[in-house]
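Me: I have a structure open on my screen and would like to learn how to read it. Could you take me through some of its features, one at a time?

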Amino acid sequence: MNRVFVPLILAFLVTLCLPVMAKQPVDEVDYVELAALLVRDGEYERAEESIGKVDPAAEGIDLAKYHTVVGLIALERQRPADAAEAFGKAIAAGQDDPLIHLLRAQANFGLERYDAAIEALDAAGDTVLALSGAWLLRAHAYWMTGQRQACMETLSQATERFPGNTSFLRRQVFYLVDAGLYREAGELGREYLQRAEGKAEDYLAIGTALRRSKSYDEALAFLESARLQFPDEGNIAKALAQTWLESGKPLAAAEVLAKQAELEPALFAEAAELFRRAGHHARALQLNARIMDGSRKLKQRVGLLVELGAFDQVTGMENALARVGLLTDEDIRYALAYAYFKASDYVATERHLKALTRPELFRRATELRRLMQDCAAAPWLCS
């Protein structure tokens, strides 16, 4: 944000500072003028070397220009504290170009001194009204100081002044999202996308805002449109899947995520889980087989097989689970105990139940032991 309009200001201000340089003997180089020229040409490292050769206490030094150049170099080289100090000294030395205040605002913004940035913009007066970056800077400073109404009014005024510039409307959308005003963000977002060629992140932000406001149909329309325009943007696919899920359509969410998993294999586990939740265990197992993380694959597979009642397959996985260290997971231990119970192997069941310490699982283990006793007394009840 604070670098939106640096190049324009640098070129303009340095040009104002520079008179036409007269030819001088080599031993009479004016290093302030040279540094200013280098700044104008984007040669900041050389400019800093040049200005470093100047003694500001020497007679005849144009201190207003000297401190202005020092500030410009510091601002460009990401030293906002040095820049703010230099611009202050330039003003004290007589620098009267209003744009010096805009530069001072940028420096204070970089220091997160937002009140000082607003004060500097006020000092710049009407000169900066023609610069769109100054409006964005003021709006964000208002936002960061909690002056949200002033921020929105500033952006609205900027939109009127620069009707072809949709960045102000876009910024309003993101501020509304930041404030949690999702429905308002969605409404303004639609207006923005009608006027501008939205980026993938715009569709994502607006679609997410609509989802959070539970406007699922509108959110899905936004995100489906975005996926067609930006097929390689994985975050859009993930947001679309999340929206389908929250709208009560886990199967649609699973299909979207499964397709994205072909590009991002790390998503196979999540896609398999969504198919499980949708009741499509066969698809879930197919995707589970493609998970690269062996531990995660086996843990998820145990859960799927237990739900399917394939207890013999679960008990057959014990050695594989031990190899990847999953027998330290008490949920896995209980799943194995239950599978052995269903297979009527009560010795193996007890072996796994004895390893359980979590209160919830300990209570479930107690109930499973009671059932084993009942089955031992009346085997026909458990057949």
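Me: Let me start with helix 2. Which residue caps the N-terminal end of helix 2?

Reply: Keep in mind that this is a predicted model. The cap is Asp30: one of its side-chain oxygens lies 3.1 Å from the backbone nitrogen of Val32. Helix 2 itself covers residues 31-40. After the helix comes Gly42, whose phi is positive, near 80°.

Me: Which residues of helix 2 are buried?

Reply: They are Val32, Glu33, Ala35, Ala36, Leu38 and Val39. Here is a general idea to help you look at such a list: an α-helix has 3.6 residues a turn, so residues three or four places apart point the same way. Try tracing the buried residues along helix 2 with that in mind.

Me: Next, salt bridges. How many does a search of the whole structure find?

Reply: The search finds 25 salt bridges. The general idea is that side chains of opposite charge can pair when their charged atoms come close. A case within one helix is Asp374 with Arg370, where the closest N and O atoms are 2.9 Å apart. Both residues sit in helix 23 (residues 359-377), and because they are four residues apart, about one helical turn separates them. Asp374 is partly exposed at 34% relative accessibility, and Arg370 is partly exposed at 38%.

Me: Where in the chain are the partners Arg290 and Glu262?

Reply: Their side chains meet in a salt bridge at 2.8 Å, N to O. The pair links distant parts of the chain, 28 residues apart: Arg290 is in the loop between helix 17 (281-288) and helix 18 (294-308), while Glu262 is in the loop between helix 15 (250-261) and helix 16 (268-277). Arg290 counts as partly exposed because its relative accessibility is 40%. Glu262 is partly exposed too, at 45%.

Me: And in the bridge between Arg351 and Glu318, is Glu318 buried or exposed?

Reply: Glu318 is buried, since its relative accessible area is 12% and the cut-off for buried is under 20%. Its partner Arg351 is partly exposed at 42%. The two side chains meet at 2.8 Å, N to O. This pair also links distant parts of the chain, with Arg351 in helix 22 (residues 346-353) and Glu318 in helix 20 (residues 318-323), 33 residues apart.

Me: Which residues are linked in a network of salt bridges?

Reply: Look for Glu48, Arg77, Arg79 and Asp82, which are joined in such a network.

Me: Back to helix 22. What does the side chain of Thr349 reach?

Reply: It reaches the backbone nitrogen of Phe341, at 3.0 Å. Thr349 lies in helix 22 and counts as buried, because its relative accessibility is 0%. Leaving aside neighbours within four places in sequence, Thr349 contacts Ala337, Tyr340, Phe341, Leu368 and Met372.

Me: Last topic: two helices side by side. At what angle do helix 7 and helix 8 pack?

Reply: Helix 7 (residues 114-124) and helix 8 (residues 132-144) pack at about 145°, and their axes are 9 Å apart. The crossing is left-handed. On the helix 7 side, the residues that meet helix 8 are Tyr114, Ile118, Leu121 and Asp122; on the helix 8 side they are Ala134, Leu137, Arg138, Ala141, Tyr142 and Met144. By class, this contact has eight nonpolar, no polar and two charged residues.

Key: Residues are numbered from 1 along each chain as its sequence is written. This is a predicted model: local features need pLDDT of at least 70, side-chain atom pairs count only at pLDDT 80 or more; totals for chains, interfaces and linings use all residues. Side-chain values use heavy atoms; hydrogens and water are left out. Axes are lines fitted to C-alpha atoms, for helices over the stretch in contact, and angles run from 0 to 180 degrees between N-to-C directions. A crossing is left-handed if the near helix is turned anticlockwise from the far one by less than a right angle, and right-handed if clockwise. Contact means heavy atoms within 4.5 Å. Ala, Val, Leu, Ile, Met, Phe, Trp, Tyr, Cys and Pro count as nonpolar, Asp, Glu, Lys and Arg as charged, and the others, Gly among them, as polar. A salt bridge is a side-chain nitrogen of Lys or Arg within 4 Å of a carboxyl oxygen of Asp or Glu. Buried means under 20% relative accessible area, exposed over 50%, partly exposed in between (1.4 Å probe, protein chains only). A polar contact is a pair of N or O atoms within 3.5 Å; within protein, one must be able to donate a hydrogen and the other to accept it, and residues adjacent in sequence count only if both atoms are side-chain atoms.
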